[in-house]
Each structure stands twice: as structure tokens, then as C-alpha cells.
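Student: I have a structure to go through, and I would like to reason about it with you one question at a time. Shall we put it on the screen?

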Amino acid sequence: MFVKRKSPRTQPNPPGVFLDACVLMADPDIIMRIHGKGYPVISSSIINELKALSGHGASQATLDNVDKMDRLLARESPNLVNALPDGQKPRRGDKFLRFDLGWVELYQIHRSRRHPGSSYSARNLGIARDYGLRLLTRTRQNHEDAKKAGVKSTVWKGRQSSQRSSARTSAASGPRPFAVATSVSGVKDHQIAVSSIPDSGDIVTLSGTTRQFRLRQSIGTGGEGTVYHTPNANMVAKIYRKEKITGQRFAKLKLMVSRDVSYPGICWPKSLLANQSGEFVGYLMPKAEGHTLQKSVFVKKLLLAKFPGWTRKNLVNVCIGFLERVEYLHNLNVVVGDINPLNTLVHGDGRTSHFVDVDSYQVEGFACPVGTVNFSAPEVLNWQSYSSKLRTKEHELFAVATMLFMILLPGKPPYSQQGGDSQKQNILKGRFPYPYGTTLDASRLPAGSWRYIWTHLPDPVQEAFHQAFRQGIRHPVSHWLELMEEYHWLLDRGYVTEELFPRGFDLRKGEQKQIHCSICRQQFPVHSTHYEFLKLEGRQPKCTQCLEKERLKNRHFSAASPSPGSSHSPSTRSASVGSAASTQTKKPKKNLFSFLKSKAPSSAASPSASSSRPASAQSKKPKKNLFRFLKSKAPSSTAATSASSSSAASPSASSSRPASAQANQKKVRRFRISWFILMVYGSFVALLATLYLVSVAPALQVPLAGACIVGVCVGIFKFPRYILSLLALYAFAAGWVFLFATNFDDLVPGPLLAGTGSAFVVSDKGHLLTNAHVVEGCDSIAVNGLRANVLKASGQIDLALIQARHLSGNQAAVFAQQPASLNLDIAVVGFPLGGILGGLNITRGTVSATKGLKGSESTMQISAPVQPGNSGGPVLDASGSVVGVVVAKLNAVKFAEETGDIPQNVNFAIRGRVAKQFLSQNGVKPLMARRASALDPIELGKRAQSITYLVECLH
């Protein structure tokens with residue numbers, strides 16, 4: 001689905017403005033702004049003119065503008081048109097080309113006839129004169145030449161400041177700026193002793209004066225202190241906690257209140273506050289209003305709930321209000337530092353923003369001690385702490401661009417993407433996923449409406465974000481203000497969508513592809529980004545019409561296949577023609593058991609029989625009960641009740657019935673008897689299921705008894721003929737409850753648990769290693785409660801390889817490069833005494849001997865405690881690498897009987913080299929450890945837990 005752009009507000013025959021090369025070289029974005037005064041026109045030789053003018057010592061900004069103009073015209077092929085917007089037709093030898101730049105239409109006049117030796121300026125004046133265009137130039141000479149040639153001309157003096165810019169300039173010329181520091185202040189951050197902290201109802205004093213007031217109720221409490229209402233409705237007081245009152249904070253706030261910083265929305269400290277003992281406890285500041293960006297604009301549901309009438313124009317207002325306040329602070333050499341959505345509040349139409357927590361701002365040598373990853377420049381992320389160095393305005397411009405991006409794409413960080421690293425790594429590597437220009441890789445775009453919103457942003461805004469987040473260009477705040485004001489201008493005139501969350505890509509851009517629908521084979525345009533997603537996801541392209549047909553088909557699929565006997569049947573339709581009007585307009589109600597009603601086929605096939613009945617017989621049917629339900633009646637008896645009574649009185653009448661009617665009557669009787677038997681059987685099953693459910697789940701007594709009573713009462717008093725049907729339905733419901741509520745392990749004897757052991761994962765395909773004696777004699781084994789298979793077992797070395805496919809993809813153990821040495825610190829992992837301890841157990845010890853029992857080379861002696869169930873568990877070194885497999889413990893009782901002494905901590909493990917050789921021989925390549933650095937004990941425990949599992953032997 002794609003969103004078509006809104007048609008711009010048309011103007012009758014807008015005049016054309018011919019743009020001189022020198023103007024485009026200074027500001028290519030004038031193409032967008034010129035639309036308010038006419039349609040922009042350029043010549044076919046504009047690129048050659050720009051290169052010729054910028055070839056002699058031009059500045060880098062000029063070269064960048066020339067490159068931008070070149071890329072702008074090269075993005076798509078122009079369309080040949082027959083007329084200009086004001087209706088003028090091309091002259092002989094001329095052609096009109098139109099560039100659809102998405103946010104504006106640019107016209108290029110190509111003139112093939114040229115006069116030898118004529119300059120670019122002379123050719124341009126000829127084109128402007130022939131088509132009545134007004135020339136916009138930057139040089140006085142071109143202006144004079146245009147007058148002589150009879151061409152209207154205007155000298156462009158550069159971008160004029162808007163009313164907002166003028167207001168910002170006048171506001172910024174107020175207080176004296178702070179000094180620019182080069183190093184962090186040397187004021188020590190020691191805690192100041194305070195005798196008491198004021199609370200609601202207490203009196204505080206304005207520092208340096210005798211003015212006092214009483215604190216009113218609190219507004220909110222944070223990590224630093226509490227904010228209170230004051231007698232002045234426009235001012236609030238922030239009172240710090242005791243531990244937050246330090247010498248550095250006092251010195252910083254004293255410096256901040258020394259300047260009369262007054263700008264709407266910036267809650268700058270106005271005066272320090274002291275308790276009744278004259279000790280510093282907080283400061284007085286303007287009151288903020290609105291909702292924080294984090295809890296309103298940055299969450300879609302909250303944005304729509306708290307600002308229901310907002311459009312994209314309001315988001316641009318938020319951007320402008322935010323930029324105006326940042327620019328004001330930068331003019332005072334104040335660095336916000338901690339730009340984040342919790343410190344900015346918005347309300348109304350979004351233009352009025354409030355900055356809170358300004359006591360954390362960086363002022364002179366007092367650094368901002370806090371920050372967040374998303375709003376920190378790449379170079380700042382490498383600092384040890386935010387308070388260790390001073391941030392610059394250049395650093396803050398990255399946070400400004402991030403905030404603007406997250407406002408326009410509500411709540412989405414610019415480096416958020418699919419399949420990427422952490423936010424910090426994405427910022428450091430400049431992995432900005434949104435495509436622009438030749439960068440069309442959209443495989444990492446985040447899911448949701450963000451990809452749609454991006455395509456609806458004006459091209460200059462996209463380019464600025466691309467430069468900020470991919471190329472590392474830090475645009476000044478004034479540049480962002482110009483872009484946002486231009487964006488607002490486009491919204492006012494309807495050139496871009498005002499939807500907060502567009503539901504499709506913007507097809508105004510030149511990045512389109514013409515593809516064929518996979519259903520109707522018609523060609524239709526799609527955005528190149530959407531086309532990339534179709535290829536990545538392997539989906540077939542479908543046009544809007546086919547998608548809509550599929551949607552309607554899926555919604556109404558049941559209506560496409562009428563059931564037998566419905567109004568679409570020819571026989572039923574013909575019968576309804578001969579019936580009464582009331583029968584046509586009001587259909588009888590049907591229930592679940594209506595299909596069980598037996599009617600003779602002749603009565604449905606012969607409309608004459610139905611129409612010949614008296615009106616009373618048609619409208620009123622005889623009552624039936626349980627016993628009459630079993631009586632057999634001929635289908636033809638529905639013709640009239642009088643006919644039924646006469647046939648019963650006269651034997652000859654019964655014999656005179658047609659043979660087909662009698663045969664049909666027998667079929668109906670057999671069907672009813674079969675249904676009766678089925679209902680009786682179902683009721684018996686329902687009774688058994690109820691008794692069983694009540695015995696195993698006493699809580700079901702009340703609902704089951706209630707359902708039974710309701711069913712019987714309804715059957716007796718409301719529908720006597722459906723008692724058995726209701727019982728059958730009750731049997732059906734009880735059967736399903738029986739299936740879901742029954743523990744079949746209690747009904748069918750399951751496998752018995754013969755013993756337990758331990759195992760650990762050795763590959764990403766679910767292979768595990770354990771002892772052979774753990775799985776020996778088992779009819780089946782279970783790993784982590786699910787069935788597993790024994791692939792190979794060797795009783796000689798007491799190792800077994802098993803596979804649990806449900807563990808495929810899990811983290812596998814790594815083996816140590818070197819064999820375990822004497823006195824090596826080890827950890828034994830396993831599930832000892834399964835069923836008693838019931839959890840993973842880790843014990844510590846050392847390698848007490850490099851040889852096992854009777855000098856065995858394949859085993860080693862360990863001192864770590866081992867219990868039954870530890871068999872098959874890994875023996876890990878300090879780095880988490882496997883150095884052995886637990887195999888056995890010495891039989892202390894038998895040893896005591898033979899020697900008279902009880903051994904202490906004599907346990908054995910199979911050496912790691914034997915385990916690695918066993919795995920290699922059975923097609924599993926053991927993973928080798930690449931590092932030998934010791935892990936933290938907690939990290940070692942987490943690693944052991946991720947690779948070790950319980951093995952159960954079942955009989």
C-alpha cells in the first residue's frame with residue numbers, strides 16, 4: 001500500500017523564475033523555497049556553468065553545493081513535457097524537461113540552436129526573454145544586462161532571516177555569555193554539612209536577601225531532590241537531598257544565577273535557597289508545563305492519546321521549539337550536555353518546549369556529569385566518564401541531530417536497525433540504516449512505520465540526517481532551523497503529507513521501480529526500498545487492486561460456497577416463488593439440531609403439496625415430545641393433520657400410500673432409532689467422564705453439576721424433544737474437558753525412572769557427552785525432560801555420545817588446549833542426587849593426581865566432592881574450559897571394610913584428551929578454547945549452567 005502525496009495548493013498561471021548559476025552555487029535549496037513565488041526554471045547547461053564558476057579557488061562550501069546540484073539532477077531521468085505550468089509551448093528547437101524531485105517540480109529548458117561565441121549569460125537572457133521568465137541573479141552585472149535585454153530581474157542577496165530568526169537574535173542579545181573553559185573546574189566535589197532539609201510547609205529564604213516563603217505541596221521527587229510549589233504560581237523550588245548538596249554544585253549554581261538567563265521554556269535557576277539556618281539547600285526556577293517527550297511523543301499510543309489532534313506539522317513545531325532554545329543556550333556558551341527526552345516537555349501545538357534539570361548543564365568549567373548512549377557523540381562514548389572532560393558544541397550537535405530524528409520518527413533512535421550490534425557499536429561504526437541517494441541498502445531498516453516515515457521526509461532533511469549519522473558532518477543549529485522552517489513551509493502548502501504515521505512509501509521520490517504484478521501481470525510503480533524488502537523476504541509483488549481483492553476474498557470466503565438447501569439452490573428458489581409473502585420475508589430460525597429434522601423428500605420437491613395445505617396447518621405445527629419423536633410418520637403426512645387422522649381410521653388409506661413414501665418412512669425410522677442409541681451412548685460416556693473429573697478435580701463439581709441441571713431443565717420445560725440432543729451435546733463438551741484436564745500419565749503406566757546422571761553440550765547440533773554407565777541398560781533416556789537418542793557408547797573408556805535435537809543451536813562447551821596439570825583449580829558441575837537436591841550443583845577442588853585408579857593414564861584424581869548423579873558432568877578450569885569428565889567416586893564403605901580407614905575426597909574424572917579423541921572418532925569436532933584468562937566466579941557459574949543438563953535413565 002502506498003500513500004499518494006497531497007496535491008499542492010494550485011495557483012492560477014504561476015510565473016516562472018529563471019535561476020542563475022551563481023544563485024544555485026550559493027544555495028541549491030532555493031529551488032524548494034522559490035515555489036511560493038513561481039515555478040523554478042534552469043537551463044540545460046547549468047552543470048557546465050556551475051563547474052566553470054567553481055573552478056577558480058572556490059571554497060569547500062561552494063564545491064559541496066555544486067556536487068549537491070549535480071547529484072540532484074542525476075537522481076532520475078527527466079520527463080519530456082509539452083508545456084510549462086503557465087501553458088507556454090516550446091519554441092522551435094527548444095524542449096521542456098521536467099524533474100520531479102518529490103518536494104518540488106523543476107523545469108529545464110533545452111535550447112539546441114546557439115549563436116557562435118555567445119556566453120552562458122547571453123543564452124540564459126535569451127531564454128528568459130522568449131518565455132517571459134523573471135531572472136533571479138546574484139551579480140549586479142547580470143541584473144543590468146537583463147534590464148537592457150528587457151528581462152525582469154531580481155538581485156538575490158542571500159537567505160533572509162525569518163521572523164523566528166529575528167526573534168532568536170533579539171533574545172540572544174540579552175545576558176552576557178559565560179566564559180569558554182578549556183579544562184574541568186578544580187572545585188572539589190565534597191559534601192556540605194546541612195543541619196536540616198526543608199519539606200512541605202517549611203520556610204526557605206532567598207539567598208542574599210531577607211525574602212522568605214513557605215514551601216507548598218510537592219510536585220515530584222527524583223534522584224537528586226524534590227520539587228515543590230511556591231506562593232508564586234509561575235515558580236517552583238527544587239530542594240536537594242542531603243547527600244547531593246556538595247561544594248561543586250553550590251559553586252556551579254552560584255555561577256548560573258549570576259546571569260539573568262530568561263527565555264520562555266528554559267527553567268534556569270533564578271535564586272539560591274537556604275534553610276532557616278542560612279545553609280544552601282536548593283534553588284528557585286520557573287515552572288515547567290506539559291508532558292515529557294519520552295512519555296508522550298516517543299510512544300505512539302501515548303502520542304495519539306495525549307495529543308489527539310496533532311499532525312506532522314506539530315512534530316516540526318516541537319523540533320523548531322527545541323532548536324530555538326538550544327541555539328539560545330549555545331549563544332551563551334552553555335552546553336546542555338544531557339540532551340534526552342526526559343528533560344524536554346511539550347504541550348499545546350508543540351512550539352513551546354520546556355527544558356528542565358538545567359542544573360546539570362555544562363557552564364564554564366563545570367562539566368555535565370550525566371548522559372545517555374543514544375545522544376552521545378562517538379568520541380564521547382570512549383570517555384571513562386561524562387564528568388572527566390568538557391563537552392563542546394560540536395559534540396552536542398550530534399545529540400541535537402539525534403533528538404530531531406527521534407521527534408520526526410517518534411521515539412526511534414537513528415541507529416536502531418535489524419540484525420545490528422548494540423547502539424554504542426552502531427554509533428561508533430556509523431551504521432545508519434536509512435537509505436539516501438545511491439545508498440539504497442534497506443536490509444537493516446527497522447520494522448514498522450519508520451521506513452514509510454523516512455520516505456516522506458523532504459529531500460534536504462534526509463540529506464542532512466544522512467550526513468550527520470553516516471558521514472559524521474555536524475550541522476549547526478541554525479542550519480537545522482532553516483531545514484525545519486522549510487519543512488513547515490512545505491506542510492503549510494500541502495507538498496508533503498501531514499500524517500504522523502504514514503501507511504505506505506512516498507511515491508513522489510525519483511527512487512521508483514516499475515514491476516509487474518504476479519497475479520494480473522499489470523505493471524505498477526513501487527518504491528525502491530519496498531522492492532528491496534520484497535526481494536529480501538521472497539514475496540511476490542502484487543498491485544493494489546489484487547491485494548484488495550485478496551483481502552475481500554479472505555474476509556468473505558464463507559459466502560462464496562453456499563450450503564446445500566440454501567437460497568442459491570434452484571429447487572428452493574422455485575419453491576419460494578409459490579409460497580406466501582410472509583414466508584419469503586421471514587425465514588424460520590435454525591439451530592444446531594435443525595439438520596436432524598426428518599422431512600420427506602416429496603414434501604420438499606413438490607411445492608404444490610405445501611401450498612395446498614390450509615393456512616392453520618402451515619402456521620401451527622403439532623407439539624412433539626420425547627415419545628412422539630420416536631413415532632414414525634410418513635413424510636407425506638405433513639400435508640394436513642386431518643389426512644393423518646383419516647388414514648389412521650381407515651386401513652385401506654394406509655395401504656393406498658405409494659411404495660416410495662413407505663420406503664422413505666422406514667429410512668426415517670431407522671435414522672431416528674440410530675440417533676436415539678447414539679444419544680444414550682453419549683449420555684453414558686458423559687456420566688463416566690463427569691464422575692472421573694469430579695474424582696480427580698473436586699473443583700469441577702459445581703460447574704459440571706450446574707451444566708447438567710441447566711441442560712435437563714431446558715430440555716424438559718423448553719424443548720422436550722431435544723433432551724437427548726442436549727445430553728449428547730453435554731457429552732461432547734465433557735469429553736473435551738476430559739481430554740484437556742486428564743493427566744494420561746495417571747491412566748497409562750509410563751516409564752519408570754531408573755537413575756540420573758549429567759551431560760554437557762559439545763556441538764551446536766545438540767550432541768552431548770556423558771558416561772556410558774549413565775545410559776547403560778536404559779530403554780530410553782531424557783535430557784532436560786525431553787527424549788534423546790544414544791548415538792555411541794564405549795564401556796571401555798566409559799563415555800557415551802547422545803543427541804537431543806531440542807538443544808540444537810545451544811551454546812557448546814570448549815575444551816582446554818593443554819591437559820590438566822597437577823594442583824590445577826577445577827570446578828565440577830552436575831546434578832547430584834537427582835530427585836533429592838533437584839538442581840545444578842557446582843563444587844570446587846583441585847587435580848590431586850594426574851593418574852587415576854591403579855595408575856590409569858586415561859583418568860585423573862580430583863578432590864572436588866562428587867555424589868551419585870554427577871557422573872558425566874564436565875570438569876572445568878578457571879577459564880571455563882573442559883579438562884575432564886566426571887566418572888566415579890571411590891567406594892568409601894568398601895574401602896573402609898578392607899583397610900579400616902575412610903578415604904577423603906577421592907574421586908576420578910576422565911581426562912580431557914580422551915574425551916576429545918572419543919568425540920573426533922564419532923564425527924563430532926570438539927571446540928577448542930582460544931583464551932586462557934580466568935573468569936569471574938559468577939561468570940563461570942553462568943557458563944557451566946548453559947552447557948550442563950540432567951540425564952534421566954528410563955525403564
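Student: What is the handedness of the disulfide of Cys778 and Cys953?

Tutor: Good place to begin, and do keep in mind that this is a predicted model. The sulfur atoms of Cys778 and Cys953 are 1.7 Å apart, inside the 2.5 Å limit for a disulfide. The torsion about their S-S bond is about -120 degrees, so the disulfide is left-handed.

Student: How many residues apart in sequence are the parts that Cys778 and Cys953 tie together?

Tutor: Start by placing each partner. Cys778 sits in the loop between helix H31 (772-775) and strand E26 (780-783), while Cys953 belongs to strand E37 (residues 948-954). The pair therefore ties together parts whose separation in sequence is 175 residues.

Student: Is Cys953 buried or exposed?

Tutor: The cut-off to use is that buried means under 20% relative accessible area. Its partner Cys778 has 17% and is buried. Cys953 has a relative accessible area of 6%, so Cys953 too falls under that cut-off and is buried.

Student: Which cysteine sulfur is nearest to that of Cys517?

Tutor: Cys517 is buried, at 0% relative accessibility, and the neighbour we are looking for is buried as well, at 7%. The two sulfur atoms are 3.6 Å apart, and Cys517 is in no disulfide. A disulfide needs sulfur atoms within 2.5 Å, so this pair does not count as one. The nearest cysteine sulfur is that of Cys546.

Student: Let's turn to charges. How many salt bridges does a search of the whole structure find?

Tutor: Side chains of opposite charge can pair when their charged atoms come close. Here the rule asks for a side-chain nitrogen of Lys or Arg within 4 Å of a carboxyl oxygen of Asp or Glu. Searching the whole structure by that rule gives 13 salt bridges.

Student: Which strands hold Arg111 and Asp94?

Tutor: These two residues form a salt bridge, with 2.9 Å between the closest N and O atoms, and both are buried. The pair ties together parts that are 17 residues apart in sequence. Arg111 lies in strand E6 (residues 105-111), and Asp94 lies in strand E5 (residues 94-100).

Student: In the salt bridge of Glu379 and Arg474, which residue counts as buried?

Tutor: The N to O distance in this salt bridge is 3.2 Å. Glu379 is in helix H11 (residues 378-381), and Arg474 is in the loop between helix H15 (459-469) and helix H16 (477-492), so parts 95 residues apart in sequence are tied together. Glu379 has 30% relative accessibility and counts as partly exposed. At 16%, the residue that counts as buried is Arg474.

Student: How far apart are the closest N and O atoms of Lys851 and Glu857?

Tutor: Consider their surroundings before the distance. Lys851 is partly exposed at 41% relative accessibility, and Glu857 is partly exposed at 45%. They form a salt bridge in which the closest N and O atoms are separated by 3.3 Å.

Student: Which residues are linked with Arg249 in a network of salt bridges?

Tutor: Sort the members by charge, with Lys and Arg as positive and Asp and Glu as negative. On the positive side, Arg249 is joined by Lys238. On the negative side, the network contains Glu224, Asp357 and Asp359. The residues linked with Arg249 are therefore Lys238, Glu224, Asp357 and Asp359.

Student: Which residues form the positive surface patch that includes Lys666?

Tutor: Lys666 is found in helix H27 (residues 659-696). Its relative accessible area is 49%, which makes Lys666 partly exposed. The positive surface patch is formed by Lys666, Lys667, Arg669 and Arg670.

Student: One on backbone geometry to finish: what is the phi of Gly132, which follows H5?

Tutor: Helix H5 covers residues 120-130, and its buried residues are Asn124, Leu125, Gly126, Ile127, Ala128 and Asp130. Gly132 comes after this helix with a positive phi. The value is near 65 degrees.

Terms used
Residues numbered from 1 in each chain as written. Predicted model: local features only at pLDDT ≥ 70, side-chain atom pairs only at ≥ 80, totals over all residues. Heavy atoms only, no water. Helix = DSSP H or I, 4+ residues; strand = E, 2+ residues; numbered from the N terminus. Buried < 20%, exposed > 50% of the residue type's maximum accessible area, 1.4 Å probe, protein only. Patch = residues over 30% accessible without salt bridge, like charges linked within 9 Å, V, L, I, M, F, W, Y side chains within 5 Å. Areas by Shrake-Rupley, 256 points an atom, 1.4 Å probe, with all protein chains shown as cover. Charge placed at Lys NZ, Arg CZ, Asp CG, Glu CD.
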